[in-house]
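Please open the structure in a viewer and keep the selection panel at hand. The tour proceeds by successive selections.

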Amino acid sequence: MALVEINFDGIIGPSHNYAGLSLGNLASAKNAGRISQPRAAALQGLEKMRANIRLGLVQGAFLPQRRPNTVWLEQLATDPAHADTVLLANAMSASSMWTANAATVSPAPDTADGRCHLTPANLVTMPHRSHEWPETMAQLKVAFGNTEHFAIHEPVPAPFGDEGAANFMRLAPRHGEPGIEIFVYGESGGPFPARQHLVASQAVARKHGLDPAKTVFAEQSPAAIAAGAFHNDVVAVANETVLFCHEQAFTDRDTVFAELRAIMPETVIVEVPADRVSLEEAIRTYLFNAQLVTLPEGGMALILPTESQESEAVWTWLQEMIATNGPIRKLIPVDVRQSMANGGGPACLRLRVLADPATIDPRFLMDEAKLDHVAQVIGATWPETIDGDALADPALWDRIAAAHTALYNALSLNELI
Ligand code: SUG
């Protein structure tokens with residue numbers, strides 16, 4: 001079978017909570033201390049997957065990680081019963097749901113050895129995310145264990161922050177053809193950290209055996225980071241020939257656009273001007289944190305958060321864009337409000353892998369029947385709510401562990417528990 005784009009969504013874990021852990025992520029800060037709804041959150045995520053399957057897209061999933069992360073606490077010479085409040089909150093985060101940060105993926109047509117290369121992101125800038133990669137790596141090794149088709153690398157070493165596919169884009173005439181790989185790094189973010197380091201991006205490009213003539217490194221604008229775009233995928237998204245971005249996404253947009261057009265003349269740039277949608281409004285509504293997908297019947301759709309539909313400035317601009325009959329033909333709002341309240345939109349929740357589905361461990365591929373089964377497990381075992389104080393309650397840890405085991409059993413992935 002030909003290579004197809006597969007979206008691997010993170011199933012939202014039973015410990016989903018609002019601990020305000022991500023400096024520079026305005027939603028996370030704003031909702032710190034709010035009562036979360038892990039069950040509703042996970043079901044929202046499943047419905048997004050279901051809707052994408054119904055569009056004819058191929059869907060995969062990664063599983064939530066074990067929380068609290070006792071392995072990490074042990075490395076810090078403590079345990080859940082003794083860790084201080086902040087450390088425990090870091091060990092309880094369900095942040096692996098945002099699989100756009102799981103890894104950077106270079107598909108087979110772009111690499112020197114013709115395999116699909118994956119490097120798990122080290123996520124070192126944020127403590128709660130820095131301990132995700134070992135379990136991510138374990139899942140990747142099972143899902144993409146076929147070494148004839150996939151190569152999995154060690155993460156980039158600290159201190160060079162790597163945030164994975166959230167700071168990576170790919171353009172290509174068509175999915176299965178060689179393309180341009182675009183790495184977006186940050187130098188400065190004013191009051192907020194620039195999480196993706198250029199050294200890390202360059203290392204990933206070398207590990208993956210990319211053609212330097214088709215690899216672009218672009219600096220994310222400090223203004224975007226300072227306004228709350230802690231990842232590039234909050235202000236830009238690409239699919240096949242189309243780059244959809246905000247006017248202030250990059251430090252030097254003219255040079256970036258010229259480079260892309262020189263490598264691939266078919267490049268189409270759909271840019272939203274700042275005088276129509278400000279950076280602040282773009283970040284509040286997450287219109288760029290959309291899944292830009294090619295529909296099986298042709299044309300592209302933007303699967304974007306319902307928050308974008310509720311903004312007059314955003315929705316008016318998008319309607320006008322659709323009316324121009326450009327490459328993006330359809331707008332599909334989805335409700336992922338529980339994830340959005342922690343700064344994770346539809347695009348954060350998925351990792352794109354271009355591959356032949358037959359080469360992937362089928363336990364990670366989803367169909368509607370499997371989603372029904374997973375929904376049943378979630379309905380029966382995920383906590384309905386978590387408030388901040390409960391993070392230190394041993395009864396919650398037990399409940400989360402039981403929910404975790406039930407899901408791994410349901411997907412026959414017990415070996416990863
Ligand atoms: O890393 N939020 C995540 C959101 C990640 C979004 N991903 C992409 N843009 N691809 C983050 O900032 C908040 C957790 C908390 O505060 O409890 C959090 O980690």
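The stops below cover the ligand first and the largest pocket afterwards. Please note that the model is predicted.

**The ligand and its shell**

Begin by selecting the ligand together with the 20 residues around it. Those that come nearest are Leu-21, His-128, Arg-195, Asp-233 and Cys-348. Colouring this shell by class shows 7 nonpolar, 10 polar and 3 charged residues.

**Polar side chains at the ligand**

Next, display the side chain of Ser-28, where a polar atom lies 2.8 Å from an oxygen atom of the ligand. Move then to Arg-129: one of its polar side-chain atoms is likewise placed 2.8 Å from a ligand oxygen atom. Asn-101 offers a contact with another element, as a polar atom of its side chain lies 3.1 Å from a nitrogen atom of the ligand.

How much of the ligand does the protein bury? Taken alone, the ligand exposes 490 Å², and the protein buries 100% of that area. With the ligand hidden, the space it takes can be inspected as the second largest cavity.

**The largest pocket**

Now turn to the largest pocket, which holds about 450 Å³ of space. Its lining comprises 20 residues, and a selection of Ala-27, Lys-30, Ile-283, Arg-284 and Met-340 marks those closest to the pocket centre. To see the elements that give two or more residues to this lining, select helix H1 (26-30), helix H10 (279-285) and helix H13 (337-340). Finally, colour the lining of the largest pocket by class: 8 residues are nonpolar, 5 polar and 7 charged.

Key. Residues numbered from 1 in each chain as written. Predicted model: local features only at pLDDT ≥ 70, side-chain atom pairs only at ≥ 80, totals over all residues. Heavy atoms only, no water. Near = heavy atom within 4 Å. Polar contact = N/O pair within 3.5 Å; in protein donor to acceptor, adjacent residues only side chain to side chain. Areas by Shrake-Rupley, 256 points an atom, 1.4 Å probe, with all protein chains shown as cover. 1 Å grid on protein atoms, 1.4 Å probe; cavity = no way out; pocket = protein on both sides within 12 Å on 5 of 7 lines; lining within 4 Å. Sits in = over half its atoms within 2 Å of the grid points. Nonpolar A, V, L, I, M, F, W, Y, C, P; charged D, E, K, R; others polar. Points joined across faces, edges and corners; volume = space filled by probe spheres on them. Helix = DSSP H or I, 4+ residues; strand = E, 2+ residues; numbered from the N terminus.
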